Amino acid sequence: MRAQASAATIVCVLSACGFAPQGAESIDAPGTSDANDASDGDLDDDGVADGTDNCPRVANPPPQRDHDGDGAGDPCDPCPHRPISDGGGDADGDGVGDVCDPRPGQHDRIARFEGFYDPPSGWTMTGTWDHDPAGLLRHASVVGAAEFAVMPDTLDQPYQVETSVVVDTVSTASNNPARQAGVAFSATDALDTFYLCSVRDDVGTAMPARTVIARFTQTDQIAENTSTNLANDLQAGSTFRVRAARGATEQSCLGTLEGTTAQPVLALAVEPGKRMALRTYGLGVRFDYVVIYQPTP
């Protein structure tokens, strides 16, 4: 679900979208507050009156993006990708809502959020990617090759990267045995070595879709751990989430599909790099968002 306050358009990318990391209150930034803010009805000095501002204490100029449509603008929403109606509260008080907190009881923050409102600026695309006008990053082709959309930022561990995937088309070709989509993380700049967190569904087997954490070195998969308790096969209309975790000693992949979850873990064996990419193989998909959690400094 998406909502915005006006028809004005802005380019919002991970490195420059006016998103204030959760876990620390930001007032009047990047605006220029003064003693008259309270009296002029615009506390954060972002040009939107407090009465209609969806983040009255965090500067977010129009169109005041609200990705999940719950009335709280992205910069001040404790879960910008999950509506508050999914659940409320912040039990550990870290600024990340309980419904999306990757580590309840420990202090994390939402370090970066990309809602794909506009074509992502600075990303490197390999393959047939485009931008869905509804606000998703789309890969329409079901070619039998891995294709990537690489985020321009670098990531220092530890972190967790979450994305949501809508399946549009599924390859039935025998040369596409492992239909999957997800996140390639800790990747080298050349994308020849990385860890993969995805939901995978194989052609010609009775096995349902499953969550996969895999390690690729010099483009060859050399290790894999899977959990097979996801419900049903991937098909047009399926929606799933994956959350990749990059820790000091191990990698994990939390996959959710149709109300079921699985979380395989793979030991850290190589430390490839600091890139993160979205990846698809044998599926036509749309990525709805990317959210990155990191420990609160």
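Biologist: Happy to look at this with you! Are cysteine 79 and cysteine 100 buried or exposed?

Modeller: Keep in mind that this is a predicted model. Cysteine 79 and cysteine 100 form a disulfide, with their sulfur atoms 2.1 Å apart. As for their surroundings, both cysteine 79 and cysteine 100 are buried.

Biologist: Thanks! Which hand does the disulfide of cysteine 79 and cysteine 100 have?

Modeller: The answer comes from the torsion about the S-S bond, which is about -95° for cysteine 79 and cysteine 100. That torsion makes the disulfide left-handed.

Biologist: And how many residues apart in sequence are cysteine 197 and cysteine 253?

Modeller: A disulfide joins this pair, with an S to S distance of 2.0 Å. Cysteine 197 lies in strand β8 and cysteine 253 in strand β12, so the link ties together parts whose separation in sequence is 56 residues.

Biologist: Good to know. Is cysteine 55 buried or exposed?

Modeller: Cysteine 55 is joined to cysteine 76 by a disulfide. Cysteine 76 has a relative accessible area of 26%, so this partner is partly exposed. For cysteine 55 the relative accessibility is 1%, and the cut-off is under 20%, so cysteine 55 counts as buried.

Biologist: Let's turn to the strands. Which residue in β15 stands opposite glutamate 147?

Modeller: Strand β5, residues 147-150, pairs with β15 in the antiparallel sense over 4 bridges. Glutamate 147 belongs to that strand, and the residue facing glutamate 147 in β15 is threonine 280.

Biologist: Lovely! How many bridges join strand β7 to β15?

Modeller: β15 is mostly covered, with 6 of its 7 residues buried. Glycine 182 stands opposite arginine 279 in β15. Strand β7 and β15 run antiparallel, and the number of bridges joining them is 7.

Note on methods. Residues are numbered from 1 along each chain as its sequence is written. This is a predicted model: local features need pLDDT of at least 70, side-chain atom pairs count only at pLDDT 80 or more; totals for chains, interfaces and linings use all residues. Side-chain values use heavy atoms; hydrogens and water are left out. Buried means under 20% relative accessible area, exposed over 50%, partly exposed in between (1.4 Å probe, protein chains only). Helices (H or I, at least four residues) and strands (E, at least two) are DSSP runs, numbered from the N terminus. Two strands pair if DSSP finds at least two bridges between them. A disulfide is a pair of cysteine sulfur atoms within 2.5 Å.
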